[in-house]
Amino acid sequence: MTQDSRGPARARETLMAPTVAKMLEHLASLASNLWWSWDAEAADLWAQIDPFRWDRYGHNPVVMLRDVEPERWATLAASPYADRVEATWQRFQDYLAAPGWCAGALPELVAGGVAYFSMEFGLHESLHTYSGGLGVLAGDHLRSASDLGIPLVGVTLLYRQGYFRQLIEDGRQLAAYPEADWSRLPVRPCLDADGEAQLEVQVPMEDRTITVRVWQLDVGRCRLLLLDTDHDANTPADRSLTRQLYGGDERTRIGQEVVLAFGGVRALDALKLDVCVYHLNEGHCAFVPVAWAGDRVDDGFRFEEALDAIRARCVFTTHTPVPAGHDRFYEPLVRSVLGPWCEDVGLEVDALMDLGRVTPGDADETLCMTVIALKSASASNG
């Protein structure tokens with residue numbers, strides 16, 4: 001092709017450049033919020049770019065935006081596709097700006113909001129943050145709250161590997177743990193209350209504290225906070241706490257549940273969110289009222305007084321009516337992990353154990369997370 005014959009093509013490219021840039025800007029805005037995943041028209045926009053890649057990339061729009069060639073974007077910008085993107089993006093902006101049902105029906109809830117703690121959230125197949133029905137329900141709550149305009153903040157862990165992928169070889173199940181590349185997912189740093197730096201909180205663990213970074217995933221008008229212990233300031237064992245969902249031994253499990261509760265409560269406090277309701281989704285979250293009450297001891301409250309105060313704001317949902325679904329921890333492990341913290345807040349380890357016992361004072365009974373949640377909530381359901 002001669003230089004002269006390229007002239008018209010270059011002119012067209014110059015004219016199209018603002019259209020391509022605007023279209024990509026709007027697509028990036030849509031990709032950064034999971035609203036598109038439950039809106040049929042928005043989801044179809046991604047498949048239209050390249051159906052083969054859309055399936056190959058696990059329906060991940062962030063990867064599509066990074067990997068599709070400029071020539072394809074130019075072709076799409078010159079077609080009715082660009083108008084569809086503009087219309088969908090505008091509808092998304094209208095959705096975000098709308099007050100929603102909650103503003104008129106429950107204005108007192110809008111003022112404070114709901115904190116929904118769960119070990120897993122099933123929001124999309126590209127996010128390894130769930131294993132099954134418990135997480136799917138939690139994810140549905142986030143989406144429904146967004147549609148209703150309920151200011152619900154989800155709290156969970158940021159898993160580098162998540163739940164295992166099932167592989168079958170010679171009739172045997174193998175568990176694979178692929179590493180998630182969070183840079184290719186719509187997760188961003190959660191900024192502190194001043195909006196200047198990524199939020200970090202300190203969580204008690206045995207005879208030390210560990211640093212937990214907070215990330216954010218936007219879900220319509222709601223958001224999900226993800227707690228991450230993979231920080232240079234932590235020991236290798238502490239860094240691995242947020243690696244796998246339901247992985248490791250009992251010490252890993254209680255460590256994860258301490259991070260979820262203490263890290264989540266302190267993140268919400270640091271963000272200056274005046275939460276009206278703390279929803280505990282399964283017994284994994286039972287340390288939430290314990291952590292909240294302990295943090296109020298510095299304000300002059302006794303632990304028992306603070307626990308009574310938070311009980312009125314806690315609700316609990318349990319899912320698993322079999323013993324395997326209710327975490328139990330023996331006293332030596334609880335003393336090892338939370339003993340120093342108990343001493344700091346003036347709480348006897350035996351008193352914490354009794355909070356999780358059906359029969360307080362029975363030294364042979366373990367601490368049951370479900371029992372703590374039932375005793376610490378004003379309402380429970382299953």
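**Exercise 1.** Determine, for this predicted model, what share of the contacts between residues at least 6 apart in sequence join residues at least 24 apart.

*Solution.* Begin with the contacts in the protein between residues at least 6 apart in sequence, and then keep those that join residues at least 24 apart, which leaves 67%. For the setting of these contacts, note that the protein has 16 helices and 13 strands, and that 49% of its 382 residues count as buried.

**Exercise 2.** Describe the charged side chains of the protein and state how far apart the centres of the positive and negative sets lie.

*Solution.* Counting gives 34 positive and 56 negative side chains, and the centres of the two sets lie 5 Å apart. As a next step, pairing by salt bridges yields 28 of them in the structure.

**Exercise 3.** Locate the partners of the salt bridge between Glu-179 and Arg-243, and decide whether each is buried, partly exposed or exposed.

*Solution.* The two side chains meet at 3.0 Å, N to O. Glu-179 sits in the loop between β4 (172-176) and β5 (187-189), whereas Arg-243 sits in the loop between α10 (236-239) and α11 (250-270), so that the pair, 64 residues apart, links distant parts of the chain. Because buried requires under 20% relative accessible area and exposed over 50%, Glu-179 at 47% counts as partly exposed, and Arg-243 at 25% is partly exposed as well.

**Exercise 4.** Identify which helices are linked by the salt bridge of Asp-295 with Arg-266.

*Solution.* The closest N and O atoms of this pair are 2.9 Å apart. Asp-295 belongs to helix α12 (residues 287-295) and Arg-266 to helix α11, with their positions 29 residues apart in the chain.

How values were computed: Residues are numbered from 1 along each chain as its sequence is written. This is a predicted model: local features need pLDDT of at least 70, side-chain atom pairs count only at pLDDT 80 or more; totals for chains, interfaces and linings use all residues. Side-chain values use heavy atoms; hydrogens and water are left out. Helices (H or I, at least four residues) and strands (E, at least two) are DSSP runs, numbered from the N terminus. Buried means under 20% relative accessible area, exposed over 50%, partly exposed in between (1.4 Å probe, protein chains only). Contact means heavy atoms within 4.5 Å. Lys and Arg count as positive and Asp and Glu as negative; His and the chain ends are not counted. The place of a charge is taken as NZ of Lys, CZ of Arg, CG of Asp or CD of Glu. A salt bridge is a side-chain nitrogen of Lys or Arg within 4 Å of a carboxyl oxygen of Asp or Glu.
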